[in-house]
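Trainee: Could you take me closely through one buried position in this model, and then follow its surroundings outward until I can place that part within the whole fold?

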Amino acid sequence: MQVKIFDTTLRDGEQSPGAAMNVAEKLRIAQQLEKLNVDVIEAGFPCSSEGDFEAVRSIAKTVRRTHVAALARTNRKDIKRAWEAVKFAKFPTIHTFIATSDIHLKYKLHKTRGEVLNEAVKGVRYAKTLCEDVEFSPEDATRSDIDFLCQVLSKVIEVGVTTINIPDTVGYAIPSEFGHLIQTLRERVRGIEKVTLSVHCHDDLGLGVANSLIAIQNGARQIECTINGIGERAGNASLEEIVMAINTRRDLFPFHTRINTEHLYMTSRLVSKITGMPVQPNKAVVGSNAFSHESGIHQDGILKEKLTYEIMTPESVGIPKTSLVLGKLSGRHAFKERLKELGYRLTEEDLKIAFNRFKLLADKKRDIFDEDIESIVVEEILRMPKHYKLVYLNVISGNVTVPTATVRMEVDGRFIQEAGFGDGPVDATFKTIKKITRTKSKLLQFAINAITSGTEAQGEVTVKIEEKGQTVIGQGADTDVIVASAKAYINALNKMEFKKQKLVGL
Ligand code: KIV
Ligand code: ZN
């Protein structure tokens, strides 16, 4: 029996603090999700911003094998907008939601239970006039009154909903309790056997995956989750962990998913690169330590028989044995082929840009790894800066001079040059960029990682900035860490601009 995987990386995942993505970035992730073979891609919340609308529309037009869902509140305007964006999909879904807990009714919606019931029914009825496939979510289901929850769900089924999704919106449920809730709904909601029963678990108590798994054991047949578990606050249940738990423990889960697990690692890396959210080394399934054995006893065991300490293989999730691929003498053809193997199909124009950057990098760095190629594509092709672009950077630093940066940038087509001092070379660079862009954001975090091993490796800088309560994460890579820092900072400023266009959140 199949368990469907509904991926919401591009919608709930994008609600992670700092993880705003542009249309090209979302489209690239959607194509990777299609390759991974998820059943549904929730592409966005079209009413929330022009950018989200565009992203859903272009994903709907591009993705051909997978269902594409658009989120909407139950009001007519949201649903109409969701449909306008998603109607181009081969398999479109409207996902509509309204909160059902008394806490949300009283403090957020200021509505009575009767009004919410009415709106839910009206919303689903309207969505059904536009789209055959309609999913309904009672937001904050796990803190809702069970009788009211059953009443709402029975009514929306009556008017034709095709999927009922039970969100643990605030990650409050404990597995035994959540399993019991799913069982109770199956017993008490009229017509529930006619629809797909789905769950959507947040990770505030670190139980998102556990709750999703117990839900499957109690009759859920669709799981909503995200790559790397990114999402609102502490995130959502992690796709790769759920899929590998089902695959690894077939004794307890007599089910299958359609996921091509050997694409999990690449998908995780891509999402991390694009969102700027690093994957922690000890992250289950896709973390860099997930398959390394450190202690002597463990290494000895593994050498004797892998089964001693390995419950799944690195190959099964697509972790490559070695990623050394190209060098200075590699030509355009080899570069293009490697890009194809990594899943990137670039236009001739983009290929030219990426290849030029590859050549520049190969002049500075002997071995070019897959990680370097990915970072070239993300920086040069997907991360197209709109407002701010670095043209030139010169930094003077040392222990007997005041660190000074001269920066030239293109701001909306105009070239501006400035110089400035700072406590160190990065500080001088950031202060000068701030002067040029006239931005007021505060730097919250700054981290440098080497993309690959060796002293000639590219440094990857991640910064987190904040402005008027909004946070964004930016990334930049270069063999020179000061240039990487400038790129990361400018990337964050561009994301902040993009985020300002957002009109409403959940
Ligand atoms: O967490 C939640 O309740 C949601 C719904 C919109 C499904 O994301
Ligand atoms: Zn959610």
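Mentor: Val317 has a relative accessibility of 0%, and with buried meaning under 20% relative accessible area, Val317 therefore counts as buried. Please keep in mind throughout that this is a predicted model, and that every value I quote is computed from its atoms. Val317 belongs to the loop between H11 and strand S9 (324-327), so that we are looking at a loop residue rather than at one inside a helix or strand.

What does Val317 contact, once its neighbours within four places in sequence are left aside? The partners are Met244, Thr261, Glu262, Leu264, Tyr265, Val285 and Phe291. For one of these partners, Met244, there is also a backbone distance: the C-alpha atoms of Val317 and Met244 are separated by 8.5 Å, although their positions lie 73 residues apart along the chain.

Another partner in that list, Val285, deserves a pause of its own. Val285 is found in the loop between helix H10 (264-275) and helix H11 (296-304), and its relative accessible area of 5% means that Val285, too, is buried. Its backbone is worth inspecting, since phi of Val285 is near 70 degrees, a positive value in a residue other than glycine. As background, most residues other than glycine have a negative phi. A second case with a positive phi is Asp412, a residue other than glycine whose phi is near 50 degrees. Asp412 sits in the loop between strand S12 (404-411) and strand S13 (414-421), and here the surroundings are of the opposite kind, because a relative accessibility of 54% makes Asp412 count as exposed, whereas Val285 is buried at 5%.

From the loop that holds Val285 we can step back into helix H10, where Lys273 lies. Is Lys273 buried or exposed? Lys273 counts as buried, at 7% relative accessibility. The C-alpha atom of Lys273 is separated by 7.2 Å from that of Val378, a residue 105 positions away along the chain, and Val378 is itself among the buried residues of H14. Helix H14 (residues 370-382) has twelve of its 13 residues buried, so it is largely enclosed by the rest of the structure. Its buried residues include hydrophobic-looking entries in the list such as Ile373, Ile376, Val377 and Leu382, but also Asp370, Glu371, Asp372, Glu374 and Glu379.

Other buried positions lie elsewhere in the chain. Thr66 is placed in the loop between helix H2 (50-62) and strand S3 (67-73), and with a relative accessible area of 2% Thr66 is buried. Beyond its neighbours within four places in sequence, Thr66 is in contact with Glu34, Val38, Asp39, Val40, Ile41 and Phe91. Phe498, in helix H16 (residues 481-500), counts as buried at 13% relative accessibility, and not counting residues up to four places away in sequence, Phe498 touches Glu14, Ala20, Met21 and Asn22. Phe498 and Met21 are 477 residues apart along the chain, yet their C-alpha atoms are separated by 8.2 Å.

The zinc ion (ligand 2) offers a further long-range link, being coordinated by Asp12 (OD), His200 (NE2) and His202 (NE2) at 2.0 to 2.1 Å. Asp12 and His202 join distant parts of the chain, 190 residues apart: Asp12 is in the loop between strand S1 (4-7) and helix H1 (23-36), and His202 is in the loop between strand S7 (196-201) and helix H8 (208-217). Asp12 counts as buried at 3% relative accessibility, and His202 counts as buried at 4%.

Seen as a whole, the protein has 16 helices and 16 strands. With a radius of gyration of 24 Å, close to the 23 Å that the globule rule gives for 506 residues, the protein is as compact as a globular protein of that length. Its C-alpha atoms fill a box of roughly 75 × 60 × 40 Å along the principal axes. Buried residues make up 56% of the 506 residues, and of the contacts with a separation of 6 or more, 67% are accounted for by residues 24 or more positions apart. The protein exposes about 22,200 Å², of which carbon and sulfur atoms supply 53%.

Technical notes:
Residues are numbered from 1 along each chain as its sequence is written. Chains are lettered from A and ligands numbered from 1 in the order in which they are written. This is a predicted model: local features need pLDDT of at least 70, side-chain atom pairs count only at pLDDT 80 or more; totals for chains, interfaces and linings use all residues. Side-chain values use heavy atoms; hydrogens and water are left out. Helices (H or I, at least four residues) and strands (E, at least two) are DSSP runs, numbered from the N terminus. The radius of gyration is taken over C-alpha atoms; the globule rule is 2.2 Å times the number of residues to the power 0.38. Buried means under 20% relative accessible area, exposed over 50%, partly exposed in between (1.4 Å probe, protein chains only). Contact means heavy atoms within 4.5 Å. Accessible areas come from the Shrake-Rupley method with a 1.4 Å probe; for residues, only the protein chains shown count as cover. Donors are N, O and S atoms within 2.8 Å of the metal (3.2 Å for Na, K and Ca); water is not among the atoms, so sites may look incomplete.
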